[in-house]
Each structure stands twice: as C-alpha cells, then as structure tokens.
Amino acid sequence: MAKYVAAVDQGTTSTRFMVFDHAGQVVSVHQLEHEQIYPRPGWVEHNPMEIWERTQQVIKAALEKNGIDPNEIAAIGVTNQRETTIVWDKKTGKPYYNAIVWQCTRTKDICDELAKDGGQDRFRPKTGLPLATYFSGPKLKWILDNVPGVREAAEKGDALFGNIDTWEIWWLTGGPNGGAHVTDVSNASRTMMMNLETLDWDQEILDILGIPRQMLPEIRPSSDPKIYGYTPKDGPFGASIPVCGDLGDQQAALVGQTCFSPGEAKNTYGTGCFMLLNTGTSPVPSKSGLLTTLGYKMGDQPAVYCLEGSIAITGALVQWLRDNLKFYDFSKHIEDYARSVPDSGGIYFVPAFSGLFAPYWRMDARGVIVGLTRFITKAHICRAALEATAYQTREVLDAMEKDSGVKLAALKVDGGMVFNELLMQFQADILGVRVVRPTVAETTSLGAAYAAGLAVGFWENLDDLRQNWGVDKVWEPQMDPETRERLYKGWLKAVERTFGWVE
C-alpha cells in the first residue's frame with residue numbers, strides 16, 4: 001500500500017530527496033552540495049555526472065534514514081534549477097560538456113547578435129522572454145557552436161539536450177537503457193524555444209538559433225497520468241516506481257504554496273529570488289520587465305500561466321560573503337552580524353554579479369557597494385547584503401502590480417532564507433505588505449511531490465492540496481511610509497551605479 005510520495009529537488013548548490021505523507025508533511029530528507037565551477041569571470045558550470053551521483057546518494061540515504069520501503073512510494077516528482085543546460089550522448093549518458101548554469105553570462109555576445117534584428121524583445125511575443133544570457137536556448141547554441149563534434153552528433157540523433165529536469169528524469173527512468181527524454185511545460189518555457197500558445201517547440205526560433213529539433217525532449221504536462229517512465233529495479237530505488245511529476249523549481253514552489261487561483265503570488269528565497277503571480281489560463285504580456293511563463297499543466301487541464309520576476313543573486317550573496325570573503329563559517333551567522341547594528345550605515349550592496357535580471361535585464365551591470373565611509377564594518381555589509389534581497393523583491397512586486405493591475409495583500413514566502421527573521425521583517429517593512437511563511441517552507445520539493453501524487457490519484461484534486469497548506473509565521477510591516485520611501489529611493493540610485501560596467 002502506497003503511503004508516500006517523493007521528490008528529487010536538484011538545485012543550484014545542492015541536491016536533495018524528500019519523502020512526504022498524504023498531509024504534505026516531511027517524512028524523510030537528505031541533502032548534499034555539489035561543486036560550483038568558475039572557469040572564467042562570469043562563467044558558471046556544474047558537473048552533470050556529479051549531480052547524478054549526488055542524486056543517487058541522497059535517494060539511498062533518505063530511504064535508509066527512516067527505513068522507508070521504496071514499494072510504499074506511490075510516485076516520484078522532479079524539480080530543478082531551471083535554464084541550466086546539458087547536452088549528452090544518448091548511448092553512453094556521458095555529457096559532451098559541463099552543465100552551463102543559469103547564472104552564466106558567456107552567451108552575452110550571442111544574445112547581442114540576435115538582438116541586432118528585432119531588439120531585445122525579438123522572441124518575447126512568442127516566448128514571453130527577453131533575449132538574455134539567463135535562458136537555455138543561447139546556452140545550447142553556444143555548446144553546438146563551440147564544443148567539437150556536438151553539432152554532428154545532434155544532427156545524427158545521438159546528442160540529447162535537456163535542462164536538469166530532463167537529465168534527472170532520463171537517468172531515473174533507465175538512462176541509456178530506454179530512459180525517458182522528456183520535459184514539462186514549465187521547464188520548456190525557460191528555454192526561449194517554446195511557443196507559449198502552442199506549448200511546443202517553435203520551428204522558426206529553432207532555425208534562427210540553428211538547433212536540430214531531434215535533440216530536444218518531448219514536452220509533457222507537469223503532472224502526467226500517462227507517466228514519463230518507471231525507475232528500473234537495478235536503479236537507486238531497487239523498485240519500479242512511476243516518475244510522473246516535473247516542474248521547474250519556482251513553478252514547483254507555486255504549486256507547493258497552493259497558489260492555484262489567479263492573483264495568488266509567492267516569492268522563493270534561494271540562490272536567487274523568484275516571485276511568481278498566477279495569471280490564469282491565458283498568458284499576460286509584461287510591459288514592466290517581467291517574464292511571461294508557464295506555471296503548470298495538470299494532466300488534460302488547460303495550462304496555467306504566470307508573471308515572474310527573476311532576481312539572480314540573493315542567497316548566493318550570503319554564500320559569497322561566506323566562501324569568498326570568509327566573513328563567517330556558516331550562512332546562518334549573517335543574521336547575528338546584521339542584528340548587531342541598527343541599520344546598514346547608509347550603504348547599499350547591489351549584487352549584480354551576473355548582470356541585473358528583472359525588471360532591468362541589464363547584462364552590462366556588475367555588483368557595487370555604494371555609500372562607503374570609514375564608519376562601515378563587516379556587520380553593516382552583512383546587513384546591506386540581506387537588505388538587497390528585500391529591495392530587489394520590492395522592485396519586482398512594483399512591476400507585477402503594474403502589469404497585472406492586482407494589488408497584493410500578502411506575500412507567501414518559502415526557501416532557505418525565510419528562516420532569517422531579520423530579513424523577513426525588513427521585507428514586510430520595505431513592501432508595506434504582510435509576509436506569510438507556511439508550515440512547510442520547502443515548498444519546491446512539496447510542489448513536485450504534489451504533481452506526481454496527483455498524476456497517480458494519491459491526491460484527488462487541488463482542494464486536497466489546499467487543505468494541507470498552513471501558516472507558520474506572519475510578519476506585519478512596522479516601518480513608517482516616509483522611511484520606507486527614503487530607503488527605497490536610495491536603493492534605486494545605487495542600482496543606477498551598476499549600469500554599463502561591462503563595455
């Protein structure tokens with residue numbers, strides 16, 4: 001008898017496996033980090049084989065930890081860092097090149113070249129996305145153009161492309177021995193190659209990018225009763241379990257937060273920050289620098305669309321202060337330093353390490369700390385780093401309200417940084433709205449589990465999922481409006497100082 005649903009959550013810095021019960025509560029979890037590879041300034045890579053090894057390790061460890069019998073798992077969902085691009089040999093499973101990570105800026109020249117005809121919004125009417133280094137299409141073009149032998153292999157049908165979800169599902173369902181080469185609408189919508197209306201690869205864009213269609217995965221629903229594939233008996237589970245849920249990490253968090261009605265929004269605080277607003281069953285074009293993207297598609301139901309504000313660097317800044325500048329040994333200590341001062345001492349830290357994403361889309365921007373005086377200490381820099389996350393979220397929320405005409409009453413939050421109480425209070429203050437943390441803050445894994453569980457009838461419908469959602473903590477705004485606007489004005493001034501740094 002199936003008692004659980006499980007999810008592989010493959011993120012930018014780590015991979016985890018989580019097992020949930022019918023009430024959406026965590027039964028077991030195991031997590032491992034993987035290496036961040038920086039071959040040149042602005043370039044970011046991961047080793048795909050290391051990621052698959054970590055995936056197998058966390059699955060086995062989470063099952064052993066609480067003595068879970070794999071036969072008690074009804075279904076498996078996958079959620080993933082989006083846009084990170086892999087091309088591999090379908091006969092051996094060996095990658096032709098490292099995974100090019102979503103934060104990597106090496107495709108700037110490709111994007112600039114494409115923008116010469118039709119500008120930065122050349123593909124936006126079809127894909128909802130501006131031309132930016134963020135998305136998978138230009139990364140795939142870079143691999144085809146720069147890695148010897150890949151184009152020939154792709155044309156022969158031997159090379160497969162996928163974002164990390166596709167890579168994980170292919171291996172989970174057998175890899176070279178009949179693994180399913182699939183993706184879902186949410187991940188496909190991040191490639192800059194999928195048409196928002198048809199939910200299929202757009203041949204005109206593929207021709208412009210020079211991408212052979214046969215290397216692309218089949219686009220399937222996020223929750224698929226037809227099942228993508230089954231885990232082989234000799235795989236990490238040692239049992240045959242349906243793999244039938246797939247969502248990009250931010251869309252998975254939207255589902256985990258049960259934002260199933262138009263006008264409901266969530267913000268995930270991870271390596272980057274991503275705010276999604278459910279806009280219903282038709283795409284809403286953005287005039288304010290947001291992305292129009294797919295939220296999810298449950299079986300035969302119509303697809304649900306979103307507006308998204310993507311921020312490249314939030315939690316990654318905390319990690320950078322830890323690893324590169326050795327400010328502290330553990331990320332959680334940033335809050336202690338930040339609390340030891342009443343404010344940031346007049347400085348702003350704009351972490352445009354990978355350029356600026358929403359709402360600017362400035363790939364020529366780079367990080368700055370402004371307003372420095374001799375008064376400033378490590379504690380002020382820590383505080384400014386946390387505040388940067390809240391300011392960037394405010395910019396995105398303003399754009400979202402402008403595009404949608406919907407005034408947000410409360411913001412549902414999730415992800416690793418939501419346990420930083422100082423940040424959450426400052427977030428409520430700078431937005432002027434209530435900030436709500438749910439009982440299960442790891443909503444990304446939960447959303448992928450929900451998608452898989454719905455596909456096999458473990459949960460009946462979306463109302464079943466809504467009943468699982470509960471409030472853990474609420475932060476009310478305490479800052480007076482004058483202070484809020486003064487601080488925010490300073491932030492906007494600081495952001496301008498980052499523009500045009502890369503010639």
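Accessible areas here come from the Shrake-Rupley method with a 1.4 Å probe. On that footing, the protein chain of this predicted model exposes about 18,600 Å², and carbon and sulfur atoms supply 50% of it.

**Exercise 1. Work out whether the overall dimensions of the protein chain agree with a compact globule.**

Solution.
- Start with the expectation: for 503 residues, a compact globule would have a radius of gyration near 23 Å.
- Now the model: the protein chain has 22 Å, which agrees.
- For the extents, the C-alpha trace spans about 60 × 50 × 45 Å along its principal axes.
- Next, burial: 64% of the 503 residues count as buried.
- Then look at contacts with a separation of 6 or more: 72% of them come from residues 24 or more positions apart.
- As for secondary structure, the chain comes to 16 helices and 23 strands.

**Exercise 2. Find which side chain of opposite charge is nearest to D403, and decide whether D403 has a salt bridge.**

Solution.
- Locate the residue: D403 sits in helix α12, residues 378-404.
- Check its surroundings: leaving aside residues up to four places away in sequence, D403 touches V284, S286, K287, S288, L290 and L307.
- Get the distance: K287 is the nearest side chain of opposite charge, 6.3 Å away.
- Apply the cut-off: a salt bridge needs a Lys or Arg side-chain nitrogen within 4 Å of a carboxyl oxygen of Asp or Glu.
- Conclude: D403 is buried yet has no salt bridge.

**Exercise 3. Take three of the salt bridges in the structure and sort out where their partners lie and how buried they are.**

Solution.
- Count first: a search of the whole structure finds 33 salt bridges.
- Pair one is D202 with K126, at 3.0 Å from N to O. This pair links distant parts of the chain, 76 residues apart: D202 is in the loop between β11 and α8, while K126 is in helix α3.
- Their exposure: D202 is buried at 7% relative accessible area, whereas K126 is partly exposed at 27%.
- Pair two is R383 with E387, at 3.3 Å. Both lie in helix α12, 4 residues apart, about one turn of the helix, and both are buried.
- Pair three is R437 with E421, at 3.8 Å. R437 lies in strand β22 and E421 in helix α13, so this bridge ties together parts that are 16 residues apart in sequence.
- Their exposure: R437 counts as buried at 7%, and E421 is partly exposed at 25%.
- One last thing to trace: R82, E83, R190, D249 and E308 are joined into one network by salt bridges that share partners.

How values were computed. Residues numbered from 1 in each chain as written. Predicted model: local features only at pLDDT ≥ 70, side-chain atom pairs only at ≥ 80, totals over all residues. Heavy atoms only, no water. Helix = DSSP H or I, 4+ residues; strand = E, 2+ residues; numbered from the N terminus. Rg over C-alpha atoms; globule rule 2.2 N^0.38 Å. Buried < 20%, exposed > 50% of the residue type's maximum accessible area, 1.4 Å probe, protein only. Contact = heavy atoms within 4.5 Å. Lys, Arg positive; Asp, Glu negative; His and termini not counted.
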